[in-house]
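Trainee: Could you take a close look at one part of this model for me? I'd like to hear about the nonpolar surface patch and what surrounds it.

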Amino acid sequence: ADIPVIPDLEEVQEEDLAMQVAAPPSVQVNRVLTYHDLDKDLMKYAAFQTLDGEVDLKLLTRVLAPEHELREDDVSWDWDHVFTDVSSELVTEWDLGQSERED
């Protein structure tokens, strides 16, 4: 009556998975700097005024566009609409090229 039985592989795998608990993910949250913070740091630290200690970035930092000029509203794209616009522009350009060749 006490004969040992070798378990099937499927039974062992099911038991192992049932007894295991997944470890929670470890996520390192880094603060993302805003444009304003980057602008302040750029002007504040002399280290950002040169690249590799050789390339002077002062001229570049003077002509960089401010954040409010770079902001754009989010626009959703519809594949059919974009495809139609691009197709019509290509056809228009092709027609202009054909008419110039005929002239």
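Mentor: Here's the patch, followed by the chain it sits on. This is a predicted model, where local features need pLDDT of at least 70, side-chain atom pairs count only at pLDDT 80 or more, and totals for chains, interfaces and linings use all residues. Numbering starts from 1 along each chain as its sequence is written, and side-chain values use heavy atoms, with hydrogens and water left out.

So, the patch: L33, Y35 and L38 make a nonpolar surface patch of about 280 Å². Patch residues have over 30% relative accessible area and no salt bridge (a side-chain nitrogen of Lys or Arg within 4 Å of a carboxyl oxygen of Asp or Glu), and nonpolar side chains (Val, Leu, Ile, Met, Phe, Trp, Tyr) are joined within 5 Å. Areas come from the Shrake-Rupley method with a 1.4 Å probe, and for residues only the protein chains shown count as cover. Y35 has a relative accessible area of 44%, so Y35 is partly exposed (buried is under 20%, exposed over 50%, partly exposed in between).

Y35 lies in helix 2 (residues 35–44). Helices (H or I, at least four residues) and strands (E, at least two) are DSSP runs, numbered from the N terminus. Along the sequence the pattern is α-α-β-β-α-α-α. Of the chain's 103 residues, 4% count as buried.

Technical notes: Patches are made of residues with over 30% relative accessible area and no salt bridge: like charges are joined within 9 Å, nonpolar side chains (Val, Leu, Ile, Met, Phe, Trp, Tyr) within 5 Å. Buried means under 20% relative accessible area, exposed over 50%, partly exposed in between (1.4 Å probe, protein chains only).
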